[in-house]
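Subject: Structure for your reading

Dear colleague,

Please find the structure for our discussion below. I would ask you to keep it open while you read the notes that follow it.

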Amino acid sequence: MLRTGSQIVWDVLGQEGVGCVFGYPGGAILPIYDALLGSSIHHVLVRHEQGAAHMADGYARASGEVGVAMATSGPGATNLVTGIATAMLDSSSVVFITGQVSSRVIGTDAFQETDITGVTLPITKHNFLVTRTEDVGPTLRKAFHIARTGRPGPVLVDITKDAQQGTHDYEPDEAPVELPERSPRDTLTRDALDEAAGLLSSAKRPLILAGRGVMLGGATELLQDFVERTRIPVAMTLLGIGGFPATHALNLGMMGMHGEAWVNRAIQTADVLLAIGMRFDDRVTGDPTKFAPAAKKIHLEIDRSEINKVIRVDVPLVGDLRETLSQLAPRVGTTDLSPWHRFIEDLKGDTAVRDIQTLPDSGHLYAAHVISDLWNLTEGRALVVTDVGQHQMWEAQYYKHDYPRKLITSGGLGTMGFALPAALGAKFAKPEEEVWVIVGDGGFQMTAAELSTCVQENMKLNVAVINNGYLGMVRQWQEFFYDKRYAATPMSNPDFVKLADAHGLPGFRVEKRSEIAEAVSRARASRETAVIDFRVEKEDTVYPMVAPGKTIEDMIRRPVPVLE
Amino acid sequence: MDTRSRPRTFVVLVENVPGVLDRVASLFRRRSYNIESLTVGHTDRPDVSHITIVMNADDRVASLVEANLYKLVNVLEVKDVSDVACVARDLALIKVRADHSNRSEIMQVAEVFRARVVDVSPEALIFEITGSEDKVESLVDVLRPYGILEMARTGIVAMARSVAAVSV
């Protein structure tokens, strides 16, 4: 069948099960957009290509499928870059399709020409430049295969305009994609499994560190069965939240820089650590040379290059997580861990008295209250997408996620402006879910233009702006480490209620805790995207905090309140 | 685990497609691994290229380099041949100042190293030498007093000796 390269693009997207594509047209991708009219795939017109990238990422994270974003050459493609890097650091499976100038003029600095495969080389799992129509189909199929297999990641396919316009006798290829055989050294040996199981079976203070790989590897149920049988407590990375139920008695909560103090103390006290699908990010380890010094470390990972990258491990087990865990779990015996559980409980008590939730209502609105009330009001079932900063950490601390893929957040890259577009992408993936955007006033303004996309697409989100008039997390660092010199962190904002109004959307303002429930209920009742401007305490601080370069047990704690 | 940094040689077989060398070099740059020598050339198969990388690394970094190379989609096979019996060759072209008064003396010296004269002009000679890095270095030391006008080297090309060698 004679098809143009552009038609083949949509054919392959359909074949790969893509329901919607996020993008922005332009000269070098016009043929593909022209062919869109002959396709049943839904296209979402964004307001900035960065929005398209984050939407495709949010779609991928919420669904577990591959997200797709499109842009034209040059500035269109470079506007995707932040979103590509975000997907790369959080192992999100996204295929990016960009138009490129005609192959005849490549290399001449033609209008809107950028070497986007060169630009994105370090931030993609792989990328392709396609200059011939007959390569369009096979290359795109390869891109989907690479994006979703192994450790997931972003793949970019740059297609020249002449390759889009040319015709080719095309038949859909149903055969599975095959890449040349590669043979990395296998570490999933019987000896290694036995050694890991031996360490865990004889441990007195074992601890599991669970990351996003647990969800990516489809190992959530396996992990829960394993934990309930062995009674080994679990600490979560930020991106691992939801991989093990937050309200489960053996879930300690988040570890690391803003993890609870008892979690970090438990890690430092542990004699065996089982790290599953996590990569010892510096936000998790603090000073890596003093991380869990007494513990033997076992690392379950799909990506061999994560082994010994930051923390030296004693037993690496490289492979598909579900496969690895299902082989390891039955070999691990159970021991009485009640002294270890009691030790951790004692640490918890010390933290409880410092919790802001125990402070009397001072009339001020605290972000922690907002998040905690939101958790109660949505019965813990909302799909929450956060931006980056203080509100992100409060969300991680106070919204108790019991279900996988219900917290979407930019962890590795820490991308401000991520939340609103990523939430819109997540809503496309899971239209039946109640989606909440939790975003700071700074990050909201970076991509607030996508409210307009919500309107055009008639998509219902709930946007909670945690508004403290500061770049809050940076201000906090200035407070602790720069002698309260608040350089360029106070931020004047537009009236977010009026901003919603300008989009024809309902907006509410909340200034007291007593007003939270009503605003949340009105936002939820609205059939349109609703914005709530939460005017929270301006100089509130995320506690506890590990200062950069310190060990994770050396934490800055919220002072114990003096009760009268 | 050996925590000493020492010279390591990697033989990497890659798909012969545009941009592969860029991907390999970019990986080293991005991860701050310093390349001492990098050579690329054809193999007996038109779709496969042979890369030899020499760097200084301890065991941990060497194993990370290998793992990271495997993550590149175009990489087919990676072998750390640092500790296996291996043939490693460097080719150098060395232009030395020489006139009728010392030409035969210089050629005699070079003969000891089995270097070949590949060009003669009234004021200079060009030698070609192939061998281990040490051997090339020694010749350079001997020729230096006469006046080296120009030198170009290929970098190391390496191959493991046994049948357990690298293949796709």
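Asp135(A) counts as partly exposed, because its relative accessibility is 25%, which lies between the 20% limit for buried and the 50% limit for exposed. Please bear in mind that this is a predicted model.

Salt bridges within chain A

Asp135(A) is paired in a salt bridge with Arg132(A), and their closest N and O atoms are 3.0 Å apart. Arg132(A) is likewise partly exposed, since its relative accessible area is 45%. As a general point, side chains of opposite charge can pair when their charged atoms come close.

A second salt bridge joins Arg557(A) to Asp350(A), with 3.2 Å between the closest N and O atoms. Arg557(A) lies in the segment after β22 (555-556) and Asp350(A) in helix α15 (residues 338-352), so this pair ties together parts of chain A that are 207 residues apart in sequence. How exposed are the two partners? Arg557(A) is buried, because its relative accessible area is 16%, a value under the 20% limit. Asp350(A), at 30% relative accessibility, counts as partly exposed.

In a third pair, the side chains of Glu433(A) and Lys406(A) meet in a salt bridge with an N to O distance of 2.8 Å. This pair also links distant parts of the chain: Glu433(A) is in the loop between α18 (419-429) and β17 (435-440), Lys406(A) is in the loop between α17 (390-398) and β16 (407-408), and the two are 27 residues apart. Glu433(A) is buried, with a relative accessible area of 16%. Lys406(A) is buried too, with a relative accessible area of 13%.

Over all chains, the count comes to 39 salt bridges.

Where chain A meets chain B

How many residues of each chain are in contact? The contact involves 20 residues of chain A and 21 residues of chain B. Between them the two chains bury about 1900 Å², and 51% of this area is on carbon and sulfur atoms.

Across this interface there is 1 salt bridge. The side chains of Asp303(A) and Lys71(B) meet in a salt bridge, at 2.8 Å from N to O. Both residues also belong to a network of salt bridges that links Arg151(A), Asp303(A), Glu306(A), Lys309(A) and Lys71(B).

Chain B as a whole

Chain B contains 4 helices and 8 strands. Which order do they follow along the sequence? The pattern reads β-α-β-β-α-β-β-α-β-β-α-β.

The C-alpha trace of chain B spans about 60 × 40 × 35 Å along its principal axes. Chain B has 168 residues, of which 42% count as buried. Its accessible surface comes to about 9000 Å², and carbon and sulfur atoms account for 51% of that surface.

Two further values describe chain B. When contacts between residues at least 6 apart in sequence are considered, 73% of them join residues at least 24 apart. The chain carries 21 positive and 24 negative charges, and the mean positions of these two groups are 4 Å apart.

Backbone details in chain A

Three places in the backbone of chain A deserve your attention. Tyr543(A) and Pro544(A) are joined by a cis peptide bond, with omega about -10°. Pro544(A) lies in the loop between β20 (530-535) and β21 (545-546).

Gln112(A) is not a glycine, yet its phi is positive, at about 60°. Gln112(A) is located in the loop between β5 (94-100) and α6 (116-119), and at 26% relative accessibility it counts as partly exposed.

Lys484(A), also a residue other than glycine, has a positive phi near 60°. Lys484(A) is found in the loop between α21 (472-481) and α22 (496-502). Is Lys484(A) buried or exposed? Lys484(A) counts as exposed, because its relative accessibility is 53%, a value over the 50% limit.

A distance to find in the viewer

Finally, you may wish to locate Glu195(A), which lies in helix α9 (residues 190-202) of chain A. Glu195(A) counts as partly exposed at 45% relative accessibility. From Glu195(A) to Thr378(A) the separation is 183 residues in sequence and 44 Å in space, C-alpha to C-alpha.

With kind regards

Terms used. Residues numbered from 1 in each chain as written. Chains lettered and ligands numbered in written order. Predicted model: local features only at pLDDT ≥ 70, side-chain atom pairs only at ≥ 80, totals over all residues. Heavy atoms only, no water. Buried < 20%, exposed > 50% of the residue type's maximum accessible area, 1.4 Å probe, protein only. Contact = heavy atoms within 4.5 Å. Areas by Shrake-Rupley, 256 points an atom, 1.4 Å probe, with all protein chains shown as cover. Lys, Arg positive; Asp, Glu negative; His and termini not counted. Charge placed at Lys NZ, Arg CZ, Asp CG, Glu CD. Buried area = accessible area lost by both parts, 1.4 Å probe. Salt bridge = Lys/Arg side-chain N within 4 Å of Asp/Glu carboxyl O.
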